[in-house]
Amino acid sequence: MRQHRHFFTLAVLLVLVACPAGAFSAEISSYAQARDRLEAQVIGDRSDVVEVMGNPAGMTGPVEVTAGTQRLRLGNGPGWLFAVRLNAGKNPLYLIAFVGRDASVDTHEAKAAPPGLTAAPRRIARQAAAVTSREAAYAVLLADLLGHSAAGRRIHAATAKVDGSSVAVPTWRGTITLSGGPGWLFFVDDVPKANWGHACRYVLVSEDGGLHVQKAQTPPNDMGAFTELTSWPEAAARFSMPEAKTSAAAAAPVLRQSTPAANRYAVIISGGWNQWSNYPRYWNDCAFFFNTLKQYGFLDDNITVLFADGTDPAVDRPDGRSSPLDFDGDGVPDIRYSATKANITLVFNQLAATLGPNDILYIFTTDHGGAQDGNAAPYSTPDVVLYLWGEMITGDELAAEVNKVTAKAVAGIFEQCFSGGMVEKLAGTNRVVMSASRWWELSYAMGPDYTYDEFSYYVTAALADPATADTNADGTVTMEEAYLYALARDSHQSESLDSFLDNIGEHPSYRSDPWDLGRTLSLGGSDPAAPAPRLAGYVQTQTDEAFPTPSGSAIWSGDDATWNYTLPFPFLLAGQSHPTVTVSSNGILYFADPSISGKNSINGLAAARAIAPQWDDLITSVSVTATSQHVTFVWQGVTYVDQRPVNMATRLFPDGSFTLYYGSGNDLSSRLPLRDKTIGMSTGTVLHPALGNGVASLDAARALAFRWVGTPQAVPAVNLLLSE
Ligand SMILES: [Ca+2]
Ligand SMILES: [Ca+2]
Ligand SMILES: [Ca+2]
Ligand SMILES: [Ca+2]
């Protein structure tokens with residue numbers, strides 16, 4: 001499952017561009033209806049809502065509101081302002097929401113509510129009335145469950161009325177049974193931008209007007225028994241994507257190979273589950289990676305592709321076609337097997353019998369993913385599945401297959417939802433593995449046209465073209481360079497949860513063992529002499545230096561606070577001299593334009609001139625130890641949202657080098673809102689993300705040293721900054 005909830009932001013932007021004030025449709029006609037819409041879009045299944053407040057007086061967005069120390073700008077067009085207090089952790093957290101008359105809902109997190117709001121309990125439930133038609137049942141569904149608007153959802157109605165007292169609907173993950181019939185059955189896709197599995201609901205509207213709702217994560221096995229009541233024009237664009245152009249592959253440059261092609265093997269897996277959900281972009285993801293392997297001289301015989309129904313000419317995708325078997329347009333079929341567990345076992349048995357200690361194995365997976373049965377929210381373990389063709393394989397099962405193979409090195413790139421679980425399961429000696437998301441997160445396709453999935457696209461694009469991501473100008477892009485490139489560009493950086501308590505964003509993860517394997521391994525093979533990635537004139541290394549225990553007591557403490565400090569020597573960040581620094585309680589040092597914000601992101605770091613050992617929403621005490629040789633800042637405290645311990649330090653050296661240290665604590669592996677950290681340095685024009693970004697827990701993690709190795713002019717023109 002991969003999602004597009006940024007569509008909502010996009011939709012607001014499109015409305016801003018397309019509609020002058022006053023031109024909005026008015027689906028929400030009153031404050032009470034706006035409160036219902038808030039319930040449907042923001043509160044939903046949340047069990048952590050303490051209080052809901054609102055302003056019955058309508059206003060016209062964008063509205064500027066003050067929420068504690070934060071200034072927020074919300075909404076567009078006429079609507080109403082609300083604040084929802086959450087019991088998310090131990091400190092106050094609010095969702096500030098503007099509900100528009102057009103049924104849009106613009107939501108921001110804040111630590112306080114804006115002034116002037118009063119209690120806004122939901123109105124008394126509607127008196128159920130007799131329902132005599134599917135249309136009347138749909139009206140009940142809209143009014144009572146969806147906040148008076150179908151906007152943002154796809155709603156499918158069962159073609160047949162439920163005549164009995166209950167109905168059973170077989171789905172990908174078990175059978176949903178609803179009681180309360182006779183009545184009308186609906187399947188509500190709550191996140192149609194998403195791939196499966198994601199939040200959806202099966203609803204039976206009784207003849208007496210009662211609503212019977214079952215939450216689920218996967219659609220009916222037989223969508224033919226339903227008809228869509230909503231209009232969702234984007235479906236055609238998203239699910240009927242023609243395959244990407246592959247004819248350019250033959251003309252692409254041949255890239256540097258340090259290991260003979262005969263010693264390099266690859267496995268590409270994408271299931272798609274069934275025709276309805278085997279979106280054509282999975283084919284594009286696989287074809288792009290396949291063509292990139294060919295640029296590195298891979299032999300056809302050494303690439304095994306397991307895709308959907310394999311070589312079966314039966315239709316297997318929603319545009320009514322069978323997936324083309326030839327990825328690179330040379331007339332030779334490249335898809336070899338159907339993506340089933342039996343075929344995965346067959347392929348890895350073959351590889352186990354073929355590969356030896358001089359061989360390198362590359363694994364690429366995409367399509368849908370999910371949590372294993374029993375690993376429900378908040379997903380406290382990395383037990384995940386990859387969906388195949390009508391079945392699924394767990395992370396443990398895939399790891400067991402890979403473990404059969406003896407190899408010099410294994411590299412894995414995992415795109416599907418919950419793919420961080422594959423990273424945890426497949427990490428090991430002589431392996432470098434990376435994923436689009438953490439094991440508790442969804443992952444996303446890439447806008448604006450969803451031709452590819454985003455993380456795997458950027459990883460593959462980096463590997464395919466040294467001009468994009470070869471940070472050290474050695475003519476090849478290593479796994480580490482490709483990961484840093486994709487990390488800097490991945491646009492789904494939200495740390496919020498939606499009304500189904502699903503994470504909205506994706507945060508790529510990365511594990512390399514030994515830690516520098518990823519900088520010696522490219523698709524061209526293993527090159528132990530490859531120089532390290534070099535961004536902004538810095539080389540990042542890991543060290544075993546001990547955590548620098550502060551010599552004195554803390555000199556500052558606070559929440560969302562900054563303090564100016566005069567350094568004992570001018571610090572040469574990327575060659576530019578800084579006599580002072582602004583220290584933030586949120587685990588970041590600013591050398592220009594300080595911010596109090598704990599709302600961290602790779603984007604935010606990229607835009608700053610800063611060093612971030614662990615930028616997050618934190619309440620910390622900071623101590624400073626200065627000598628003429630170095631100055632050391634130590635942050636000790638807790639996360640804002642749930643008061644988990646954090647304990648980290650940064651040491652600055654006069655030449656511009658610096659080291660990031662991690663003590664006990666720093667385990668931010670959970671799915672609360674506001675719950676990921678950002679680590680690295682940026683000059684404001686060049687970003688150097690730290691490898692620690694890809695690790696769920698930094699509990700007593702090894703120190704990260706950033707060594708200054710040259711002038712900015714010596715750095716190749718690789719700029720890890722987002723363009724949007
Ligand atoms: Ca087929
Ligand atoms: Ca071919
Ligand atoms: Ca390179
Ligand atoms: Ca955060």
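Start by colouring the single chain of this predicted model by domain: domain 1 covers 6-119, domain 2 covers 134-232, domain 3 covers 263-528 and domain 4 covers 538-714.

**Domain 1 against domain 2**

Select domains 1 and 2 together and look at the contact between them, where 11 residues of domain 1 meet 8 residues of domain 2. On the domain 1 side, the elements that contribute two or more residues are helix H1 (6-18) and helix H2 (31-43), and H2 supplies the largest share, 6 residues. Sorted by class, that side of domain 1 consists of 5 nonpolar, 2 polar and 4 charged residues. A line drawn between the C-alpha centres of the two domains would span 27 Å.

**A hairpin at residues 59-86**

Next, select strand E2 (residues 59-67) and strand E3 (residues 70-86), which run antiparallel and are joined by 8 bridges. As one point of reference on this ladder, Gly 61 stands opposite Gly 77 in E3. The two strands form a hairpin with 2 residues between them, and Gly 68 in the turn has a positive phi of about 65°.

**The sheet of E12, E11, E10, E7 and E13**

Move on to the open sheet whose 5 strands follow the order E12-E11-E10-E7-E13, with antiparallel pairing. Strand E12 (211-216) and strand E13 (226-228) each have a single partner strand, so one side of each is left without a neighbour in the sheet. Averaged over neighbouring strands, and ignoring direction, the turn from one to the other is 25°. At the E13 edge, strand E7 (residues 154-158) pairs with E13 in the antiparallel sense over 3 bridges, and here Ala 157 can be found opposite Thr 227 in E13. Now add helix H3 (residues 134-145) to the selection: H3 lies across E7, strand E10 (183-189), strand E11 (200-206) and E12, and runs at about 125° to E11.

**Helix H9 and its two partners**

Centre the view on helix H9 (residues 454-464) and show helix H5 (280-295) and helix H11 (residues 479-489) beside H9.

Take H5 first. The axes of H5 and H9 are 10 Å apart and the helices pack at an angle of about 15°; H5 and H9 are therefore roughly parallel to each other, and their crossing is left-handed. To see the contact, display Asp 285, Phe 288, Phe 289, Thr 292 and Gln 295 of H5 together with Ser 456, Tyr 457, Thr 460, Leu 463 and Ala 464 of H9. These residues divide into 5 nonpolar, 4 polar and 1 charged.

Then turn to H11, whose axis comes within 8 Å of that of H9 and crosses the H9 axis at roughly 135°, so that H9 and H11 are oblique to each other. H9 passes H11 in a right-handed crossing. Phe 455, Tyr 458, Val 459, Ala 462 and Leu 463 in H9 meet Glu 481, Ala 482, Tyr 483, Tyr 485, Ala 486 and Arg 489 in H11, a contact with 9 nonpolar, no polar and 2 charged residues. Leu 463 of H9 is listed in the contact with H5 and also in the contact with H11.

**Backbone details to inspect**

Most residues other than glycine have a negative phi, and most peptide bonds are trans. Against that background, three places deserve a look.

- Trp 273, which is not a glycine, has a positive phi of about 70°; Trp 273 sits in the loop between strand E14 (264-270) and H5.
- The peptide bond from Gly 447 to Pro 448 is cis, with omega near 0°, and Pro 448 belongs to the loop between strand E22 (431-435) and H9.
- Another cis peptide bond joins Asp 513 and Pro 514, with omega about 0°; Pro 514 lies in the loop between strand E23 (509-513) and strand E24 (521-522).

**The sheet that starts with E29**

Finish with the open sheet in which 6 strands are arranged in the order E29-E30-E31-E32-E37-E38, again with antiparallel pairing. Strand E29 (562-573) and strand E38 (687-689) stand at the edges with a single partner strand each, so one side of each has no neighbour in the sheet. The twist from one strand to the next averages 25°. Zoom in on E29 and strand E30 (residues 576-584), which run antiparallel and are joined by 8 bridges; select Asn 564 there, and its bridge partner in E30 will be Thr 582.

Terms used. Residues numbered from 1 in each chain as written. Chains lettered and ligands numbered in written order. Predicted model: local features only at pLDDT ≥ 70, side-chain atom pairs only at ≥ 80, totals over all residues. Domains from an automatic or database assignment. Contact = placed C-beta atoms within 7 Å. Helix = DSSP H or I, 4+ residues; strand = E, 2+ residues; numbered from the N terminus. Nonpolar A, V, L, I, M, F, W, Y, C, P; charged D, E, K, R; others polar. Axes fitted to C-alpha atoms, helices over the stretch in contact; angles between N-to-C directions. Parallel < 35°, antiparallel > 145°, perpendicular 65-115°, else oblique. Left-handed = near helix turned anticlockwise from the far one by under 90°. Pairing = 2+ DSSP bridges.
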